[in-house]
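Student: Could we go through this model together, one question at a time?
Tutor: Gladly! Here it is, so let's take a look.

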Amino acid sequence: MPRARGGRGGGGDGPQAGRPDHRALRRRDRDHHPEAPVSSESPEFAPFPDESELPAVDPTVQPVPAAVVARVDAADSTLQNPRTAVIALGGNLGNRLETLQGAVDALEDTPGVRVKSVSPVYETEPWGVPPGSQAAYFNAVVLIRTTLPPRALLERGHAIEEAFRRVRTERWGPRTIDVDIVAYQDTVSDDPALTLPHPRAHERAFVLVPWYDVDPAAVLPGHGPVADLRAAVADQGVVRRTDVELRLPE
């Protein structure tokens with residue numbers, strides 16, 4: 001079960017353009033740790049042995065404590081007229097798990113944003129490049145409730161990418177992190193600066209598979225139920241990493 005409150009290839013290609021928010025990005029202090037499993041009972045990251053030494057367990061199936069759900073629902077009461085948004089995360093440079101976790105924490109640290117659910121982590125071969133030319137991606141989907149309008153949320157996503165030194169030198173190049181808005185409530189927009197829903201979300205398994213995990217009843221505006229879209233694209237080489245997980249921010 002994904003952690004909850006209440007295509008092809010693992011990397012996005014930057015369809016949601018815009019100017020990044022250059023304001024300082026507030027991030028939580030965290031000790032550096034290698035890319036390794038994270039216990040749902042551990043308050044912070046900690047070093048772990050190599051993956052080959054780990055037992056075949058799936059930490060993501062642990063139920064969400066009722067106290068956590070209650071805290072998040074209480075926090076939601078501070079948001080006036082919030083909207084639901086779906087955020088896709090992916091990266092294939094550096095410590096992939098640590099970077100994705102940092103992006104989740106940065107979203108939660110954003111005024112007007114509450115992280116509601118975090119999907120399991122999936123590993124995906126990069127799209128649009130020769131096989132073996134890049135490392136595989138880690139991908140995940142985050143559901144949020146937010147009072148930010150879509151453009152402000154996009155700017156926040158770009159600020160998070162910038163904080164993790166995301167560079168845009170080539171369309172299919174490797175990257176530390178992609179933060180893409182997949183959908184914003186039922187908004188449909190063909191604005192070239194922010195197309196909603198994401199124009200290629202309906203054909204990307206690395207978005208649809210983790211999205212289905214956190215919201216099996218989800219509907220992608222203009223394309224239909226996520227369950228049907230997921231079935232149509234199969235898995236496209238998307239493999240669930242049962243030895244690692246993203247933590248829901250406290």
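Student: At roughly what angle do the axes of α4 and α5 cross in this predicted model?
Tutor: The model is predicted, and in it helix α4 covers residues 205-214 while helix α5 covers residues 226-233. Their axes come within 9 Å. The crossing makes α4 oblique to α5, and its angle is roughly 135°.

Student: Is the crossing of α4 and α5 left-handed or right-handed, and how many charged residues does their contact hold?
Tutor: α4 passes α5 in a left-handed crossing. From α4 come A205, L208, V209, W211 and Y212, which meet V226, A227, L229, R230 and V233 of α5. Sorted by character, these residues give nine nonpolar, no polar and, for the charged ones, a count of one.

Student: Which strands and helix do the buried residues of α3 pack against?
Tutor: Good one! In α3 (residues 150-163), the buried residues include L153, L154, H158 and I160. They pack against the helix α2 and the strands β2, β3, β5 and β6.

Student: Which peptide bond in the loop between β6 and α4 is cis?
Tutor: Most peptide bonds are trans. P197 has its place in that loop. With omega at about -10°, the cis bond is the one joining L196 and P197.

Student: Why does Q185 count as partly exposed?
Tutor: Q185 lies in the loop between β6 and α4, and its phi is positive, about 50°, although Q185 is not a glycine. Partly exposed runs between 20% and 50% relative accessible area. Q185 therefore falls in that class, with a relative accessibility of 37%.

Methods: Residues numbered from 1 in each chain as written. Predicted model: local features only at pLDDT ≥ 70, side-chain atom pairs only at ≥ 80, totals over all residues. Heavy atoms only, no water. Helix = DSSP H or I, 4+ residues; strand = E, 2+ residues; numbered from the N terminus. Expected span 1.5 Å × (residues − 1). Buried < 20%, exposed > 50% of the residue type's maximum accessible area, 1.4 Å probe, protein only. Contact = heavy atoms within 4.5 Å. Axes fitted to C-alpha atoms, helices over the stretch in contact; angles between N-to-C directions. Parallel < 35°, antiparallel > 145°, perpendicular 65-115°, else oblique. Left-handed = near helix turned anticlockwise from the far one by under 90°. Nonpolar A, V, L, I, M, F, W, Y, C, P; charged D, E, K, R; others polar.
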